[in-house]
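Visitor: Could you take me through one part of this model up close? I'd like the small sheet and the cysteine links around it, with whatever else helps to place them.

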Amino acid sequence: RRRGIRRWLPPSATAQTDKSPRHMTREICRSWRVPLVTLFAGLASADGDDGGEGKCMGWRQTAGCSPSGRREPARDRGCDVSIGQDWSGYCECAGGVRAAESTCTHESFTCEAKCREQWAWLREQRKKRAEQEKEVESASADDNLAKLYKRGKGFYVMGNTELALRHFREALKLDPEHGACKADYKQAKKLEKLLGKLEGVMGKEVEGKGRMKQLERDDQFEEARGLIEDSLALSPPAVYRASLYRDLCICCTKLRLKDESLSACKEHHALDSGSAASRTLLAEASLLAERYEDAIGIYRKLAEEDEHSKEAREGLQRAEKLLKRSREEDYYKVLNVSRSASPREIKRAYHKLAVEYHPDKNKDKADAEREAAEVKFKSVALAYEVLSDEDLRRKYDEGEDVSGNPGEQQQQEQQGGMWMNHGGQHVHVRFR
């Protein structure tokens, strides 16, 4: 600012270099009677803001055949000099603009022409940017209602609820009675609320231990299942349905609802393009639905695609064990309960069958019927012994062997009795 103002000072004031710009400006106006408007126009011209676009400053030579190499000021040239091969550098234009950055292999040119071309390109870019900014500024006009709604719909289909709601709101400001926009806005708003609740439920930590913790977890999955079904009832776009059916598949599998689990996992598998994660969930649901051969096929294919997949290998082993177990006696069928039965339901079913097939109830029947009832009673007792114990039931569900010590079992049979759990005690029952 001092250098710019000194051009306007009278000769008697040029030596006073210690004065501030404000003091120097007052002295100019007092000595030369220069209007302030004229003064600041001259200062702008002195700072280079006179709009000299396209002006060439000269050729700047660099070393190493690279425009970013070391500068060689001694070999700089003027704007009208033809720059041929074996010259590397760039043209310096007005406003600090660089043009024609060149290596040693290029066609001949002059910096004056290159600066004009560069500034012409810059002006075109400015024009395009101004048009884009103008289009953005006019987005709130009445004729852009369709554009706002279309963009909001696009964000909604892609799964970006926040941006979708923002565009829907802007569109409704232009036309509050736009039917389609209003319907999509209400649906997206309700879906956002349900998804927020679902995220809170699924991410909630469950306190407690043992059976109490499992009951709390089951209640949590049941609540999440209700929220998911409410969300699916809104018929949201496919991107939302894929994640919702995934969560529903997990919830139903954890709750051991075999039919609902298999249906939800199939829907997720179809919407998720058959990914490895969706196929793993489908295999788990197939195991729960006792479709062991289907589960084996899925796990086997996953293991072939990724031989290092521990989940696929363990799932295949578990499915093969359960297939083998299914060909043997099923303890759940013995007690006439489902695989998702609670301990209370299992105990109630056992008591009912134990009373029905108890030897004292069948001692007056024929020998064949009495022997059949005795065999059935033993089978019921053995099934209850396994399913009433949490660890044994888990092992049994995973296809592990829970038969115990064969020698001990044979000795018990020879003695005419067997061990069974009753009332929380390990009781040996002997039949006479």
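Guide: Here is a walk through the sheet, then the disulfides, then one helix pair. Keep in mind that this is a predicted model.

Let's start with the sheet itself. It is open and built from 3 strands, in the order S1-S3-S4, with antiparallel pairing. S1 covers 56-61 and S4 covers 98-102, and these two stand at the edges; each has a single partner strand, so one side of each has no neighbour in the sheet. From one strand to the next, the twist averages 15°.

Now for how the strands are stitched together. As background, strands of a sheet pair through backbone hydrogen bonds, in a parallel or an antiparallel way. Here S1 and S3 run antiparallel and are joined by 5 bridges. One residue pair to look for on that seam is Cys56 with its bridge partner in S3, Cys93. On the other seam, S3 (residues 89-93) pairs with S4, again in the antiparallel sense, over 3 bridges. If you want to trace that register, Gly89 has Ser102 of S4 as its bridge partner, and Cys91 has Ala99 of S4. S3 and S4 form a hairpin with 4 residues between the strands, and in that hairpin Gly95 takes a positive phi near 80°.

How enclosed is S3? Of its 5 residues, 4 are buried, so the strand is largely enclosed by the rest of the structure.

That brings us to the cysteines, since Cys56 and Cys91 have turned up in the bridges and both have a second job. The structure holds 5 disulfides. Counting bonded cysteines along the chain, the connectivity reads 1-3, 2-6, 4-7, 5-8, 9-10.

Take Cys56 to begin with. Cys56 is bonded to Cys79, with an S to S distance of 2.1 Å. This link ties distant parts of the chain: Cys56 belongs to strand S1, while Cys79 sits in the loop between S1 and strand S2 (82-83), and the two are 23 residues apart. The torsion about their S-S bond is about -95°, so this disulfide is left-handed. Both ends are tucked away by the under 20% criterion for burial: Cys56 has 14% relative accessibility and counts as buried, and Cys79 is buried too, with a relative accessible area of 16%.

Next comes Cys91, in the strand S3 we just looked at. Cys91 forms a disulfide with Cys111, their sulfur atoms 2.1 Å apart. Again the link spans distant parts of the chain, running from strand S3 to helix H4 (residues 111-137), with 20 residues of separation. The torsion about the S-S bond is -75°, and the link is left-handed. As for exposure, Cys91 counts as buried at 0% relative accessibility, and Cys111 is buried with a relative accessible area of 0%.

To compare, here's a link between two helices. Cys249 and Cys265 are joined by a disulfide with an S to S distance of 1.7 Å. Cys249 lies in helix H9 (residues 238-254) and Cys265 in helix H10 (residues 258-271), so the pair ties together parts 16 residues apart in sequence. The torsion here is 65°, making this link right-handed. Cys249 counts as buried at 1% relative accessibility, and Cys265 does at 0%.

What about Cys252? Its sulfur is 6.8 Å from the closest cysteine sulfur, which belongs to Cys251, and that is too far for a bond; the cut-off for a disulfide is 2.5 Å. Cys252 is buried all the same, with a relative accessible area of 2%. Another buried cysteine to look up is Cys181, whose relative accessible area is 0%.

Finally, a helix pair for contrast with the strands. Packed helices are described by the angle and the distance between their axes. For H16 (residues 367-387) and H17 (residues 390-397), the axes come within 6 Å and cross at roughly 100°. That makes H16 roughly perpendicular to H17. On the H16 side the contact is made by Glu385, Val386 and Leu387, and on the H17 side by Leu392, Arg393 and Tyr396. Sorted by class, that contact has 4 nonpolar residues, 2 charged ones and no polar ones.

Definitions and conventions. Residues are numbered from 1 along each chain as its sequence is written. This is a predicted model: local features need pLDDT of at least 70, side-chain atom pairs count only at pLDDT 80 or more; totals for chains, interfaces and linings use all residues. Side-chain values use heavy atoms; hydrogens and water are left out. Two strands pair if DSSP finds at least two bridges between them. Axes are lines fitted to C-alpha atoms, for helices over the stretch in contact, and angles run from 0 to 180 degrees between N-to-C directions. Buried means under 20% relative accessible area, exposed over 50%, partly exposed in between (1.4 Å probe, protein chains only). Angles under 35 degrees count as roughly parallel, over 145 as roughly antiparallel, 65 to 115 as roughly perpendicular and the rest as oblique. Contact means heavy atoms within 4.5 Å. Ala, Val, Leu, Ile, Met, Phe, Trp, Tyr, Cys and Pro count as nonpolar, Asp, Glu, Lys and Arg as charged, and the others, Gly among them, as polar.
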